[in-house]
Amino acid sequence: MAKRVYLAGPFFSKTQVAQVERLEKVLAEHPQIGDVFSPRKHQHEEYEMFSPEWQKVTYASDVQAIDDCDLVVALSDFDGADADSGTAWELGYAYAKKIPVIVIKEDDVTLNLMIAQSLTAYLHSVEDVADYDFEKLEKIPYDGAVV
């Protein structure tokens, strides 16, 4: 059965958008993946961005998408910035709902221990997703330093 995926990760810089687009493509081509909800593609343009209405609709839509997904695939690279608080919240929410979390980290920056300890699988690149078995959901621990 095709898995429904929530794609978590920042998309605030050109580098981040390019990485999210790479992951969207890999997920779209994966035979075990059906629907992919990428918040980047659900910005509710009927409202002015960051207006109170936009905030409410975006929050509700993203929470509902996590509630409806089978797993979360998250990008944990932040293009030189500190961890993205939105991504961290999405991962914590998924963990609390007992939704498996696959974390991808391509940079060499240390991972937060809360993310490292709560993930189902840790992958070193977006391209590793193509070979991951989303039916088995093999546990692959994070193997680096934590903060």
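Start by selecting Glu24 and Arg40 in this predicted model: their side chains are joined by a polar contact of 2.6 Å. Now look at where Glu24 comes from. It is part of helix H1, which covers residues 14–29. Is Glu24 buried or exposed? With a relative accessible area of 10%, Glu24 is buried, because anything under 20% counts that way. To see what surrounds Glu24, add Leu7, Ser38, Arg40 and Lys41 to your selection; Glu24 touches each of these, if you skip residues up to four places away in sequence.

Stay on helix H1 and click on Val20, which sits in that helix too. Val20 has a relative accessibility of 1%, so it counts as buried. Which residues does Val20 touch, not counting those up to four places away in sequence? Light up Leu7, Pro10, Phe11, Ser38, Arg40 and Leu75, and you have them. You've already met some of these names: Leu7, Ser38 and Arg40 were touching Glu24 as well. Before you leave Val20, try your distance tool on Ser125. The two residues are 105 apart along the chain, and their C-alpha atoms are separated by 12 Å.

Next, slide along to His30, in the loop between H1 and strand S2 (33–37). His30 has 5% relative accessibility, so this loop residue counts as buried. What does His30 contact beyond its neighbours within four places in sequence? Select Val129, Ala130, Tyr132 and Phe134 to find out. Zoom in on Val129 in particular: its backbone oxygen lies 3.5 Å from a polar atom of the His30 side chain.

Time for a pair of helices. Colour H2 (residues 52–68) and H3 (residues 85–96) differently, then turn the view until you can see them cross.

- Their axes come within 10 Å and cross at roughly 40 degrees.
- H2 and H3 are therefore oblique to each other.
- The crossing of H2 and H3 is right-handed.
- On the H2 side, show Tyr59, Asp62, Val63, Ile66 and Asp67; on the H3 side, show Trp89, Glu90, Tyr93 and Ala94. These residues make the contact.
- Sort the contact residues by type and you get six nonpolar, no polar and three charged.

Why bother with both an angle and a distance? Two packed helices are described by the angle between their axes and the distance between the axes.

While H2 is still coloured, pick out Trp54, another stop in this helix. Trp54 has a relative accessible area of 9%, so it is buried. Show Gln43, His44, Tyr47, Glu48 and Met49 as sticks: Trp54 touches these, leaving out residues up to four places away in sequence. Now jump from Trp54 to Ile66. How far apart are they in space, C-alpha to C-alpha? The answer is 18 Å, with their positions 12 residues apart in sequence. Ile66 is one of the H2 residues in the contact with H3.

Follow the chain on past H3 and select Lys98, in the loop between H3 and strand S4 (101–104). Lys98 has 73% relative accessibility, so it counts as exposed. Check its backbone too: phi is near 65 degrees, a positive value in a residue other than glycine.

Now step into strand S4 and click on Ile102. Ile102 has 0% relative accessibility, so it counts as buried. Its contacts, with neighbours within four places in sequence left aside, make a good thing to display: Leu71, Val72, Val73, Ala74, Thr120, Ala121, Leu123, Tyr132, Phe134 and Leu137. Tyr132 and Phe134 may ring a bell, since His30 is in contact with them too. For another distance, try Ile102 and Lys139: they are 37 residues apart in sequence and 9.2 Å apart in space, C-alpha to C-alpha.

One of those Ile102 contacts, Leu137, deserves a click of its own. Leu137 lies in the segment after strand S5 (121–123). What is phi there? Phi of Leu137 is near 50 degrees, again a positive value in a residue other than glycine.

Finish with Glu135, which is also in the segment after S5. Glu135 has 41% relative accessibility, so it counts as partly exposed. Add Met1, Lys3 and Gln32 to the view, and you'll see what Glu135 contacts outside its neighbours within four places in sequence. Your last distance goes from Glu135 to Ile33: these residues are 102 apart along the chain, and their C-alpha atoms are separated by 9.7 Å.

Note on methods:
Residues are numbered from 1 along each chain as its sequence is written. This is a predicted model: local features need pLDDT of at least 70, side-chain atom pairs count only at pLDDT 80 or more; totals for chains, interfaces and linings use all residues. Side-chain values use heavy atoms; hydrogens and water are left out. Axes are lines fitted to C-alpha atoms, for helices over the stretch in contact, and angles run from 0 to 180 degrees between N-to-C directions. Helices (H or I, at least four residues) and strands (E, at least two) are DSSP runs, numbered from the N terminus. Angles under 35 degrees count as roughly parallel, over 145 as roughly antiparallel, 65 to 115 as roughly perpendicular and the rest as oblique. A crossing is left-handed if the near helix is turned anticlockwise from the far one by less than a right angle, and right-handed if clockwise. Contact means heavy atoms within 4.5 Å. Ala, Val, Leu, Ile, Met, Phe, Trp, Tyr, Cys and Pro count as nonpolar, Asp, Glu, Lys and Arg as charged, and the others, Gly among them, as polar. Buried means under 20% relative accessible area, exposed over 50%, partly exposed in between (1.4 Å probe, protein chains only). A polar contact is a pair of N or O atoms within 3.5 Å; within protein, one must be able to donate a hydrogen and the other to accept it, and residues adjacent in sequence count only if both atoms are side-chain atoms.
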